[in-house]
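User: I am new to this structure and would be grateful for a close look at a single part of it. Please choose one helix and describe its surroundings in a connected account.

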Amino acid sequence: MAQFLRIAIGSPDEASRRLIQRVATEHKSARVVAETDDDARLVEIVEYRRPQLVFISADLGDMRGYAVADRLSREHPGLFIVMLTPRQGIEELRRAMKAGARECLFEPLTEAAVARVLDEARDVATAVAGRRGAIVGVMSSKGGVGKSTLATNLSIALQQQNVGRIALVDGDLYFGDVAMLLNMRPERTIQELNAALDAEIADRFLYRHSSGVEVLAAPLRTEQAEEIGAERFRAILAILQGLYDYVVVDATVSAFDTMLATLDVADLAILLTTLDVVCLKDVNQILDMLNRLRFPAHNVMVVGNRYDERVSLNPREAERVLGVQFTSVIPQDDRVIAATNRGVPLILSEPRAPFSQRVTALSKTVAAHIGRVDRVPAQTS
């Protein structure tokens with residue numbers, strides 16, 4: 001299956017944004033990756049998320065929509081730009097074409113008009129920036145819920161799906177554990193890549209695990225983490241996108257700026273929680289933050305971890321607390337701890353274990369969501 005057509009929306013009109021979102025969802029081969037009502041933010045979105053199709057309101061940012069369209073058309077040749085305007089007439093159409101737009105739609109929008117544009121863009125804007133890997137951020141509201149373990153096993157499961165090159169990035173720059181979980185002692189880390197920041201040699205800084213996953217480890221010393229700010233981390237991810245098909249980032253709230261930088265470019269956010277009231281309360285706050293950041297809700301997967309029917313909340317009850325459905329519920333398995341201590345992920349040592357089977361199912365759901373294999377639902381109970 002081909003990748004989804006990536007769409008960004010820059011409009012202050014909520015009705016237009018919702019209609020485009022709905023039509024894209026029904027289109028099945030298109031996906032809204034970001035939306036904003038701010039002109040400067042739209043420029044950033046196009047730079048870091050690399051959409052192929054952008055809807056821009058003429059009224060964006062105090063009537064600067066045409067200026068934004070002109071800038072984006074110059075900086076990103078091949079970008080399919082569609083202007084949105086409530087002012088009908090040939091003069092508006094001329095302004096749109098002069099700004100580099102391929103289409104001009106008059107508001108209020110119709111589903112038929114948006115669907116037609118999606119079909120046109122699918123044929124024309126097949127790629128704006130060449131190869132672009134998908135970024136999957138794995139995060140949680142706090143430490144100790146198994147986030148790094150899931151990120152590690154999920155990366156291996158994706159590798160086993162034969163969906164391309166997989167990079168695993170340790171986003172906990174101060175106290176990252178990914179290398180330890182894989183029993184690795186890498187000579188080079190993200191600190192050395194940050195110093196070089198060279199796309200041609202970037203993959204030399206990643207350590208190839210026996211599973212085939214290539215790992216970018218956290219700095220060896222905490223003071224080295226101070227050298228890697230949010231912008232640099234985001235630049236590193238952008239470079240890796242040109243080399244790998246999937247970039248899985250083990251993100252953490254303890255390196256909050258790094259987590260936000262990951263969300264700026266992520267195609268998918270996997271939010272991990274245990275099924276207890278304290279963790280669920282914190283996860284609700286993370287979901288609220290994602291909403292305020294306008295991270296598309298359909299690109300968020302909530303995963304319940306370490307479910308034990310003897311002590312955990314019922315998954316359906318937890319879903320009611322969160323107001324969202326779990327993509328997967330992963331059972332408690334003491335063998336995960338033993339595997340961690342050995343530095344051999346459970347998905348490799350015991351692929352038939354319930355934990356391993358759920359992670360494998362989750363990897364298929366992730367690949368389907370990104371649009372690279374047929375859709376396969378994850379196991380949720």
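Analyst: The account below concerns helix α13 and then turns to the cores and to some aromatic residues elsewhere. The model is a predicted one.

Helix α13 spans residues 277-292 and has 16 residues. From its first C-alpha to its last it reaches 23 Å, which is close to the 22 Å expected at 1.5 Å a residue. After the helix comes R294, whose phi is positive, near 60°.

Which residues of α13 are buried? They are C279, L280, D282, V283, I286, L287, M289 and L290. These residues lie on the same side of α13, because they cover an arc of only 165° around the axis. The face turned away from that buried side carries the exposed residues V277, Q285, N291 and R292. The buried residues of α13 are covered by several elements, including the helices α12 (256-265) and α14 (315-322) and the strands β11 (268-274) and β12 (300-307).

In soluble globular proteins, nonpolar side chains tend to be buried together. In this model, the largest nonpolar core has 86 residues, and those with the most contacts inside it are L216, F233, Y246, I270 and V366. Helix α13 gives the most to this core, with seven residues. Another core, of 22 residues, lies apart from it and has I45, L60, Y66 and A69 among its members.

Some aromatic residues elsewhere in the model may also be considered. The structure holds one aromatic pair. It is formed by Y174 and F175, whose ring centres are 6.4 Å apart; their planes stand at 40°, so the pair is tilted. Of its two members, Y174 counts as partly exposed because its relative accessibility is 28%, whereas F175 is exposed, with a relative accessible area of 57%.

Two arginines lie over aromatic rings. R188 lies over the face of F205, at 5.9 Å from the ring centre. R234 lies over the face of Y48, at 3.8 Å from the ring centre.

A further arginine, R204, is placed in the loop between α9 (190-196) and β8 (207-208). R204 counts as exposed because its relative accessibility is 56%, and the cut-off for exposed is over 50%. In sequence R204 is 19 residues apart from R185, and in space the two are 15 Å apart, C-alpha to C-alpha.

To return to the helix, α13 thus has a buried side and a face with exposed residues turned away from that side.

Conventions:
Residues numbered from 1 in each chain as written. Predicted model: local features only at pLDDT ≥ 70, side-chain atom pairs only at ≥ 80, totals over all residues. Heavy atoms only, no water. Helix = DSSP H or I, 4+ residues; strand = E, 2+ residues; numbered from the N terminus. Expected span 1.5 Å × (residues − 1). Buried < 20%, exposed > 50% of the residue type's maximum accessible area, 1.4 Å probe, protein only. Arc of directions from axis to C-beta. Contact = heavy atoms within 4.5 Å. Core = buried A, V, L, I, M, F, W, Y, C linked by side-chain atoms within 4.5 Å. Phe/Tyr/Trp six-rings, centres within 6.5 Å; stacked < 30°, edge-to-face > 60°. Lys NZ or Arg CZ within 6 Å of the ring centre and 35° of its normal.
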